[in-house]
Every structure is written in structure tokens, then in C-alpha cells.
Amino acid sequence: MRMRAKGLTALVALVGVTAFLSPAEASSASPPPPAPERIRAERLPLPPTAPSNAEGTCTRAVNPRGTGCVAADWDSGLRTGSFLPDSRTVTVNVKFAGAPAAPDPASAFSGDQLILVRTDGRTFPNGDAWKCVTCGTPPANKQGVNGDVSYPQAFADGKRVLYGTNIVDCGRYQLASRACTPDRIHIYPIRWNNTADGSGPGGSIRELRLHPDQVHLGFNGISVTGGRLDQYGYFGRLSFDPAPKTGTPLVPRYELEKVTRLFNASPTAQPVHADPRDPSKLVVDPSQAGFGELRGFSKDGKEVFYVGYPVESSNMDLMAMDLRTGKLRRMTANPGYTDPVDASPDDRWIVALDTRGTDRMTFTSGMTGIPAITDLLTTSVVSSIRNNGDRRFFQPYLIDRYGDRGSYQGQQLNYSNTSPNWNAGADPRWSPDGAAVAYQERLVSAPACGGANPLPCPTSSEPGGRRTRLMIARLVDRKPVRLHAVKPVSDTVPWGTPYVPGSATPQRPYPAQGAYTLRGKASGSAQVNIVWDDAKTAVKTVSVRYKHFSDDGRTYLNGSESVTRTSTSTTLTSLDWDSDLVKTRRGGKVIATKRTSADGFHITIDLWQTSFQATGTLTTTVGNQTYHQPANGT
């Protein structure tokens, strides 16, 4: 294993093993960390780069076969998809650019398209290492197609691909075969009915993930309730309707049926709630799911992955929850941010895209073991710090099933041939044989570099100056595994809530305004004060004062923290944050502090644009290592 930042190693050593315990490690069944393994990261072939996006610039001089050119820019639409069942072909979305005008046959290579890319050095019959699946699809075969074409995911039959909010289908033909031609391709939209009478275009859905049983689908829905932006995860069954009678578009389409919202509205089912036996006491229960954004499934189909309410304050981790029992498992515990993830075919490993090693998030999350109380207000803001507009800070990490523990923080897949300016984009994807992982990378681009930004914009060495690339990490010492078919799971998720079309989206229950006491499991307490806004629609201020607070009997938390929401719009969030926390070992030795400047820390961030702007400072010190917030705009 190779870590990129000395600070993270110091943080692990000085805070102690308990800071990174996963629920799995807490039991005696947790094995020793795995040894590092040999990994070879390589670029995969893509079509030539268009000299510009202008019509006709992709000439035969650039691509002699006339099979298209891809856009060069950072936001060029490159999206790594999953492998086909052969483990040698990966699905990818690309944005073709510079195509000539019709009737030139090459005019079909334009805009967002689904392609297949060979990973074994071989080519398709025309001599290219890629094949465009959707280029030239007749208009009659793609009626009502949705614009979202992100995250391609191949079905196990090799004939279909979940393509954003659509399904690409080649009938009885394998997508990679010579017989799968444009006239045999159909693209069907996916619709989620959200009206009682079945009318309308359906609800907006995003971040779709195919369940391993090939029948069900996980997805997310954004809502605004009480002036608050929120997101819920959902689980539903795909059903093909060749001739719908209601709703739009009235074209052959897939419907999402028997949908469950992955949420329990009971106040005591929330991670933070008042004790029903004594309403003056606060309960912080990490075993309750604060289900946020659905990110995928285990390969056996039993667990759903998500990122949501944190276990430790400001530490955004991946969680797994059993679809049947509701049992919760913490997948990661590092202070970095993570959400893109894929499980290995045998479910013994994950690959997660994570900011660990960059220390970008550590100024908020480096002091571990703080109960997630002020997170009632800070979660969305802390999550958004992970990016800086057109700059990502993700790198792919291989982590075993038992998660971060002690000095084990996973193994970076691409440590041998990358630079900090190349960062990974969602989602990484395992090959079905478990011997490789495909992912994409993007090179930091303006305005996240250059100009007033202190980071110079690097020059890309990719063909045509392309600022994206498709990668594969080969796990060279692994033997292929056999992927077994998953039987269809139940439509029912017992811990969720059946979705009723036309019903209102619920608000998450938060503790009522008032003063509370949180008792440490080992000693001490925290005095908590929660204030709602004047309209009583949302929590406005959360203040906490700790006194000799300890859950483990080895480390103790003292001091105070207060956060007030001052935002005035749905996505643009502003917080006033004051912190003066001290963590000590038994005997009084200080091991960590989390402090704001005298005038506090005042942050404003747009949850979609993720551009960090702040005044004042928030600083976390662990041992002799100090972590500062990023400079504005970086």
C-alpha cells in the first residue's frame, strides 16, 4: 500500500486504531488487513480527438475509417460503464464532435453515444478497438429517449445496457457481435409514474443502478419540501410496456413498478432523535439509516449501498444496508469523502473513489469520534467540499470487505502512473471475472485552474490534448472468479415505505426545538440546543457543549460547537460555524483539536456547482499535524 499524504498516516497513528473501526472490525471475526498486491494501470483506446467541436473538423485525415472523433474538453461526456459478460469489453458513453453534415455516413458519429471498448488489445471487425452501438439508430427506434445517458451498465445477457434513464436493446443479438447493427438497436425510455391517474411524463430520476437480479433498479429522486433540498433513494421493478395507454411519452417504454422509498418516517428510525422514554434526552444511533444517495448494490443482491448521514461528525462514508433485514454495515471510515463505488464479483472487495490522501476534507473530519449532531445542518455542505467545480479530488482505492482499520486504508489502484491533477470520475466498474477495474480520469481544467486560481492549468499529453481518459487497473495476480446468476429478489423492502403515486414527498423528522442531554456511553455528557427557523419548517441552529464526553472510555471530548444555517435559496447554502473542541486521552494528553477563528467560520457553497467560498477559518489538529481549509476557489 502506498499513501500519498504523510498527514493521513500521522492521523491514523496518533488518533489510534479505534478512530477507524468499522462495525466488522468491532467483532472478533475481523481478519488482519490484506497485503498490498500488484496492480498495473493502463489507458484504454478511444476514438481520435476532434480538432474542435465545429462541424466537419473530424476529417478522414483525423480518422481514416470515418468512425468519429470525441470532444477534447473536460466535460466531454466520457462516462465509464460496466463490462460486458466477456470481461474483455467495457461500455462507455462518449460525446462525438466535429462530425460532417448529412448525408455523409460519418454524420452519425455526433453527440452523446454509447460505445464498446475492447480491453484486450483486439479490435472489432472494422479494425477499431471501439464500436459505436447507438450511432445511426433510426429515429423510429428511439422515440421519447431521455437526455440522461450517464453510467452505462450492461445487463448479464450482453444484449442490453442501462443507459442513464434509458435502456439500449439489440433484441436477440449480442451488442458486441457483427449482427448488432444500428437498425437492430432500440432505445427505450424509463418512466417512474408519480401521479395517481398515471398521467404526465413521470417523476425525475437520477443516478440509476441496476440490481444484480437484472429485474430491479435502484434510483434517486430530488425533492424540495419546506424550502429544503432533499434526496431519497428508491427501489423498484423494471417492467416493459410495448404500448402504454397513459402518461407520456406514449411510446414503448420501461415502467418502474412496485417502488419502495428507502426511508422510514418514524422519528425513532432517524440517526438523531429524542428519546421517546425521556424527551429531554437525545439519542445518536448510527445503526439507524440516514439513507441519502443510493450508490449501488452488493453483487449477491442482498445489500444496497448508499452515502448518507455520517457515523462520525463531518465524515461522509459509504454504508451498506441489507434489503431484507435492514442491518447496517459501515463500508469506509477514512476522513476523506467517498461515494462512487462498485463491489467485486465475490463481494470480498470494493473499489471506491475517495478523496483520501489529499487531506481536502480533513479540516472538517480529521477529529474522529465526534457524535454527528451538528451534521443536522452541515452534511450537504461538507459533502460539496469534495470538488472544486471542474476539479475532482477522487482517486480509486481497493478496499477489502472489512473496511478501513488501523493503518490499513486501502490500496490506490493507480498510484504508479498518475498525477494529482488527473482525478477519477464516477463510477469505477469491476470486470465480471474480478481481474480488472475500469474507470475514467479527468484533468483539472479552467476555471478550477489558471487565471486568478493559484493552480496553473496543466497541458494534457493525451491524444489531441484530450482532458479525459479511459483507464483500466489490472489486478495481475488474481485468478478469474465465476459470477453466479442472482435470483430475483422480493419487491418488498420491509424497512422502507411503499411509494404511492401522487403522494407527497415526506420531510425527514428532526428533533423538536429545545434543550437536550446526550450521555456518553462511557462517561460525561453533551448539552445540545436545537433551534428551528421562525416558520418552523427547518432546523436553523444546532449548538453542542461537551464535558468529559466519552463513548469508548479511552478518549474524551470537551468544548463546544455551534452551527447556524443562513442560506436564502434551495441549493446555495450558507453556514456560520463556531468550534472549540479538544480531544484528550485518559490522563489528559491532548491528541486533537478542532477550532474556528475568533470570528468563526462562514462558508457559502452551491450544492451543484461545488465552488468553495469562506471567510474565517476552521482548523483541525491531530497530534503534530494541522489541517487547514482549502483556499477559496481551490
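**Exercise 1.** Glu-462 and Arg-469 meet through their side chains in a salt bridge; find the N to O distance and decide whether Glu-462 is buried or exposed.

*Solution.* Start with the criterion: a salt bridge is a side-chain nitrogen of Lys or Arg within 4 Å of a carboxyl oxygen of Asp or Glu. For Glu-462 and Arg-469, the N to O distance is 3.2 Å. Next comes burial, where buried means under 20% relative accessible area, exposed over 50%, and partly exposed in between (1.4 Å probe, protein chains only). Glu-462 has a relative accessible area of 7%, so this residue is buried. Arg-469 counts as buried because its relative accessibility is 4%.

A note before going on: this is a predicted model, in which local features need pLDDT of at least 70 and side-chain atom pairs count only at pLDDT 80 or more, while totals for chains, interfaces and linings use all residues. Residues are numbered from 1 along each chain as its sequence is written, and side-chain values use heavy atoms, leaving out hydrogens and water.

**Exercise 2.** Work out which residues form salt bridges with Glu-255.

*Solution.* Take Arg-253 to begin with: its salt bridge with Glu-255 has closest N and O atoms 2.5 Å apart, and both residues are buried. Now turn to Arg-191, whose closest N–O approach to Glu-255 is 3.5 Å. This pair links distant parts of the chain, 64 residues apart, with Arg-191 in strand S9 (residues 186-191) and Glu-255 in strand S13 (residues 253-261). Strands are DSSP runs of E, at least two residues, numbered from the N terminus. Arg-191 is buried too, like Glu-255.

**Exercise 3.** How many salt bridges does the structure hold?

*Solution.* The total is 38. Some residues are linked in a network of salt bridges, among them Arg-206, Glu-293, Asp-342 and Arg-429.

Note on methods:
Helices (H or I, at least four residues) and strands (E, at least two) are DSSP runs, numbered from the N terminus.
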